[in-house]
Protein chains: 2
Amino acid sequence: MRVAVIGVGLIGGSIALAAGDAAGAEVVAWDTDPAALDTAARIGAIEQPAASLEQAVASAEAVFVAVPVGALPDTVARVLAAAPRDCVVTDVGSTKRAIVAGQDDQRFVGGHPLAGAETAGVAHARTDLFDGATWYLTPTPRSSAVLYERLHQLLVALGARPEPIDADTHDAILALVSHLPHVLANALVAEATEALASERSRLPASGPSFRDATRVAGAPSAIWTDIYLSNRDALIAQLDAFVERLRSVRVLLADGDAAAISAWNEAAAEHRRRLLHDQPGGGAPPTA
Amino acid sequence: MRVAVIGVGLIGGSIALAAGDAAGAEVVAWDTDPAALDTAARIGAIEQPAASLEQAVASAEAVFVAVPVGALPDTVARVLAAAPRDCVVTDVGSTKRAIVAGQDDQRFVGGHPLAGAETAGVAHARTDLFDGATWYLTPTPRSSAVLYERLHQLLVALGARPEPIDADTHDAILALVSHLPHVLANALVAEATEALASERSRLPASGPSFRDATRVAGAPSAIWTDIYLSNRDALIAQLDAFVERLRSVRVLLADGDAAAISAWNEAAAEHRRRLLHDQPGGGAPPTA
């Protein structure tokens with residue numbers, strides 16, 4: 001199998017590594033940044049850089065486009081123009097409606113691996129990054145079933161668990177379980193910065209609940225600005241629902257009914273257990 | 001130094017262990033639950049259980065009341081009635097205004113160690129639980145300076161960093177950095193439970209941002225119902241401010257200005273660095 005990777009950050013680099021190591025593929029890569037390609041070659045993710053995007057995909061059987069969400073439409077269009085007729089083309093973007101709606105080529109299948117983070121760059125690429133990871137695929141009625149199946153098998157060879165989903169559902173779920181938590185983290189650090197300044201106080205040295213709640217505050221703008229923009233309608237819908245829920249918590253607190261507060265809190269414990277019961281790190285909560 | 005501990009969960013048990021080991025104190029303890037006292041004796045936190053609260057504190061020079069916030073007023077009153085005239089009495093409750101306002105005894109100094117969690121019970125008590133931990137103290141003008149100083153030195157001997165703070169500021173800060181994150185975690189799991197049910201979907205198997213954001217969802221009601229109740233005015237004020245902030249984020253998203261979204265996100269990264277820069281676990285955020 002000849003695999004091309006366009007964009008070699010942590011995700012693209014890890015795809016290149018895993019495709020070569022685990023799937024035994026012949027891997028070609030290209031990136032707008034020559035230094036990223038040099039690093040990819042140095043860590044053994046690719047044999048040698050391609051001279052252009054077109055050269056990288058010219059004889060590929062599968063192409064992964066691993067560039068930021070904002071650069072996807074143009075990059076995917078260039079790839080489809082240059083790739084062979086019998087080549088599956090996919091992306092790894094965190095939002096799926098825009099790129100899927102913009103493509104009617106039967107060779108394209110949108111994708112999104114839930115693994116790692118582009119932060120660290122190709123130097124941190126790992127061959128096992130996708131081991132056991134959910135990898136969403138968003139085939140449309142136009143997508144070629146044969147090419148979809150080829151991609152599916154390739155992802156399994158990378159160690160991932162491919163899961164088909166429609167783009168609308170994908171974006172709604174991700175707005176809730178990823179984009180909203182990022183917004184809440186950003187809002188919490190802003191609130192704390194303002195409040196502690198006015199109290200002329202400093203943050204308690206040990207605040208595990210605050211630390212966990214703000215772990216993703218200020219995630220890399222180069223990636224996240226695109227995500228927020230491309231999914232803002234779904235994210236706004238989740239924000240509105242969340243604010244409504246906070247209003248109901250406010251009523252609960254204002255009422256001051258201990259039994260009702262306990263019941264609400266017990267329900268949260270049960271919800272979390274059900275949501276995360278079979279997931280790593282999904283154990284019992286701390287309390288501080 | 002003769003130290004009495006009333007209530008031996010994780011915090012009380014760890015105080016007993018550290019007072020005996022690190023501070024070389026003679027430790028007596030009492031609990032409403034005989035099994036907790038047996039466990040405390042078995043793990044070497046105490047020599048032997050006292051027969052009553054009154055017996056435990058009869059000859060103490062320092063008493064730690066480590067019971068849930070709701071049981072503090074009655075328990076502290078009983079301790080003050082039975083303790084010697086020259087004995088400092090403190091508590092470890094997560095909210096401070098109610099207990100401090102209710103006491104005018106010069107022997108009482110409110111306290112709150114930011115360490116661990118009562119979840120795990122005395123069986124998980126550790127002699128090093130307070131190493132380097134901030135331990136808030138809320139002395140009032142009525143508090144005896146001599147007794148305050150004795151408590152301060154004892155906390156340093158336990159490994160903690162005592163920090164004086166007024167009860168109002170304490171409760172406002174904790175509402176923001178601990179109680180609000182707990183409310184957000186509870187609200188997120190409720191929202192996800194409802195949304196995923198209506199989507200007939202399941203949670204993506206790997207969602208590190210959701211997992212971090214909900215780590216404290218459903219923290220033990222036996223502790224947290226009291227915390228929510230006793231600090232609900234401060235918590236409601238933080239909730240209102242937070243909802244206002246989410247509204248401003250909604251406007252930002254609806255405007256769809258990439259530069260403004262990037263600037264907001266960069267500010268969050270900077271805020272978090274400043275808030276947590278010298279704290280354990282305060283490093284760069286992941287992105288997924």
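**Exercise 1. Which elements of chain B make a right-handed β-α-β unit, and how are its strands paired?**

Solution. The model is a predicted one.

Step 1. Identify the elements. The right-handed β-α-β unit consists of strand 3, helix 4 (residues 72–82) and strand 4 of chain B.

Step 2. Establish the pairing within the unit. Strand 3 of chain B and strand 4 (residues 88–91) of chain B run parallel and are joined by four bridges. B:V63 has B:V89 as its bridge partner in strand 4 of chain B.

Step 3. Examine the other neighbour of strand 3. Strand 1 (residues 2–6) of chain B also pairs with strand 3 of chain B in the parallel sense, over four bridges. Here B:A4 is matched with B:V63.

Step 4. Recall the general principle. Strands of a sheet pair through backbone hydrogen bonds, in either a parallel or an antiparallel manner.

Step 5. Assign the side-chain directions. In strand 3 (residues 62–65) of chain B, B:A62 and B:F64 point one way, while B:V63 and B:V65 point the other way. All four of these residues are buried.

**Exercise 2. Determine the environment of B:G111.**

Solution.

Step 1. Locate the residue. B:G111 lies in strand 5 (residues 108–113) of chain B.

Step 2. Classify its exposure. B:G111 is classed as buried because its relative accessibility is 0%, and the cut-off for buried is under 20%.

Step 3. List its contacts. Leaving aside residues up to four places away in sequence, B:G111 touches B:T90, B:D91, B:V92, B:G93, B:K96, B:W135, B:Y136, B:L137 and B:T138.

Step 4. Compare sequence with space. B:A167 is 56 residues from B:G111 in sequence, and their C-alpha atoms are 9.6 Å apart.

**Exercise 3. Describe how helix 10 and helix 11 of chain B pack.**

Solution.

Step 1. State the geometry. Helix 10 (residues 232–255) and helix 11 (residues 258–276) of chain B pack at an angle of about 145°, and their axes are 8 Å apart. The crossing of these two helices is left-handed.

Step 2. Name the residues that meet. Helix 10 of chain B contributes B:V249, B:L252 and B:L253, which meet B:A260, B:I261 and B:W264 of helix 11 of chain B.

Step 3. Sort the contact by class. It comprises six nonpolar residues, no polar residues and no charged residues.

**Exercise 4. Reconstruct the sheet of chain A and the helices that pack on it.**

Solution.

Step 1. Begin with the inventory. Chain A has eleven helices and seven strands.

Step 2. Order the strands. The seven strands form an open sheet of mixed pairing, in the order 2-1-3-4-5-6-7. Strand 2 (26–30) and strand 7 (161–164) of chain A are the edge strands, each pairing on one side only. From one strand to the next, the twist averages 25°.

Step 3. Inspect one edge. Strand 6 (residues 134–138) and strand 7 of chain A run parallel and are joined by four bridges. The partner of A:Y136 in strand 7 of chain A is A:E163.

Step 4. Place the helices. Helix 6 (residues 145–157) of chain A packs on the sheet, where its contacts include strand 6 and strand 7 of chain A. The direction of helix 6 makes about 170° with that of strand 6 of chain A. Helix 1 (residues 10–21) of chain A lies across several strands, among them strand 1 and strand 2, and runs at about 170° to strand 1 of chain A.

Step 5. Consider the chain overall. Of the 288 residues in chain A, 57% are buried. Among contacts between residues at least 6 apart in sequence, 70% join residues at least 24 apart.

Conventions
Residues are numbered from 1 along each chain as its sequence is written. Chains are lettered from A and ligands numbered from 1 in the order in which they are written. This is a predicted model: local features need pLDDT of at least 70, side-chain atom pairs count only at pLDDT 80 or more; totals for chains, interfaces and linings use all residues. Side-chain values use heavy atoms; hydrogens and water are left out. Buried means under 20% relative accessible area, exposed over 50%, partly exposed in between (1.4 Å probe, protein chains only). Two strands pair if DSSP finds at least two bridges between them. A crossover is right-handed if, with the strands pointing away from the viewer, the path from the first strand over the helix to the second runs clockwise. Axes are lines fitted to C-alpha atoms, for helices over the stretch in contact, and angles run from 0 to 180 degrees between N-to-C directions. A crossing is left-handed if the near helix is turned anticlockwise from the far one by less than a right angle, and right-handed if clockwise. Contact means heavy atoms within 4.5 Å. Ala, Val, Leu, Ile, Met, Phe, Trp, Tyr, Cys and Pro count as nonpolar, Asp, Glu, Lys and Arg as charged, and the others, Gly among them, as polar.
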